[in-house]
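Please open the model in your viewer and keep the selection tool at hand, since this tour moves from one selection to the next and says what is found at each stop.

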Amino acid sequence: MTIRNNSVAAFKLPDRSPFTQIECKLHASAKRLKLLAGSSGIRLIIPPRCPKHVIQTFLLSQEAWLNEQVQRLNALRRQDSHSQDSHSQNSTMRFPEVIELYGGMEQITCVGLGPGTNRLTWDADKRLLHVPTDNFQHYLQRWLIHQAKQVLTPRLQRLAHDGGFEYQVLTIRLTRSRWGSCSTQGNIMLSAALLLLAPELQDYVMWHELCHLRHPNHSAHFWNEVSRYCPDWQQRRTALKTVILPTWVYQ
Ligand SMILES: [Zn+2]
């Protein structure tokens, strides 16, 4: 990958970096890596010719700060959506023109349908979603859960098979506070919002929950087990904490 020194272009961290939620800007005059947090998100300023591994190490070293910022941003968004909700029946919430799945690797175009329509239509070939604008988040959430079931169910089966794990029932719900859980009965729950995340983050959550089948705690044994399947789990775990979900997922 080549980045021209004189361009101040946004670029994504290369090669399946899990840090997809941070906006990266290359600054020709920047002397060192710098993180900035605003009301719209987190931005990483990158000086010219900065090697990838230096960026990754830098982000990992900033984990505590990143966590703080993401919590602050999430709280801000929740506040936003609540205050909008109390003013009018969520009609002021912005209709999403695009939904980004797999950490932005796939984009779905949303087209609003006027009053009187109460059905969402999904054109999988064109990646086009026609959504009633009235109460659109309800339709989008239902669609997301449906899609997540189709993607996450076979994926979890695959990983369980590869690692020799046996779970009982998989439930997929739209949860805001957690990405997944595993009960002592061997039932796994995954959040449908995982579909919005990069595949390696989806896999990390699934391995995490599968490993709870063997260790129902977060002991050193548990993390050892996780690292057998996911050697870079620490990096993925950090990245997961920096994820900011679109507002329509919250309501
Ligand atoms: Zn856990």
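Begin by selecting the strands β8, β10 and β9, which in this predicted model form an open sheet in exactly that order, with mixed pairing. At its edges are β8, residues 170-173, and β9, residues 180-182, and each of these pairs on one side only. As you turn the view, notice that the direction changes from one strand to the next by an average twist of 15°.

Now keep β8 on display together with β10, which covers residues 188-191; the two strands run parallel and are joined by 4 bridges. To see one pair of residues in this arrangement, select T171, whose bridge partner in β10 is M189.

Next, add helix α3 to the selection, because it lies across β8 and β10, and its direction makes an angle of about 150° with that of β8. The helix comprises residues 136-163, and Q137 is one of them. Is Q137 buried or exposed? Its relative accessible area is 3%, and Q137 is therefore counted as buried, given that the limit for this class is under 20%. If you then select T247 as well, you will find that its C-alpha atom is separated from that of Q137 by 9.0 Å, although the two residues are 110 positions apart along the chain.

Move on to the zinc ion and display the side chains of H208, H212 and H218. Which atoms of these residues are the protein donors of the zinc ion? In each of the three histidines the donor is NE2, lying 2.0 Å from the ion. Along the chain, the donors follow the spacing H-x3-H-x5-H. With H212 still selected, you may also note that its relative accessibility is 11%, so this histidine counts as buried.

For the next stop, select β1, β3 and β2, which make up another open sheet of 3 strands, in the order β1-β3-β2 and with mixed pairing. The edges are taken by β1, residues 23-26, and β2, residues 34-37; each has a single partner strand, so one side of each is left without a neighbour in the sheet. Here the twist from one strand to the next averages 25°. Between β1 and β3, the latter covering residues 42-46, the pairing is parallel and extends over 4 bridges. Within this pair, E23 stands opposite R43 of β3. Adding helix α1, residues 52-61, shows what packs on this sheet: the helix touches β2 and β3, and its direction makes about 140° with that of β3.

Then select the cysteines C110, C211 and C230. How many disulfides does the structure hold? The number is 0. C230 is accordingly in no disulfide, and the nearest cysteine sulfur, which belongs to C211, is 8.4 Å away. C230 has a relative accessibility of 0% and counts as buried, and C110, at 7%, is also counted as buried.

Finally, clear the selections and look at the whole protein, which has 7 helices and 10 strands. Of its 251 residues, 46% count as buried. Among the contacts with a separation of 6 or more, 48% are made by residues 24 or more positions apart. The accessible surface comes to about 13700 Å², and carbon and sulfur atoms account for 48% of this surface.

Technical notes. Residues are numbered from 1 along each chain as its sequence is written. This is a predicted model: local features need pLDDT of at least 70, side-chain atom pairs count only at pLDDT 80 or more; totals for chains, interfaces and linings use all residues. Side-chain values use heavy atoms; hydrogens and water are left out. Buried means under 20% relative accessible area, exposed over 50%, partly exposed in between (1.4 Å probe, protein chains only). Donors are N, O and S atoms within 2.8 Å of the metal (3.2 Å for Na, K and Ca); water is not among the atoms, so sites may look incomplete. Two strands pair if DSSP finds at least two bridges between them. Axes are lines fitted to C-alpha atoms, for helices over the stretch in contact, and angles run from 0 to 180 degrees between N-to-C directions. Contact means heavy atoms within 4.5 Å. Accessible areas come from the Shrake-Rupley method with a 1.4 Å probe; for residues, only the protein chains shown count as cover. A disulfide is a pair of cysteine sulfur atoms within 2.5 Å.
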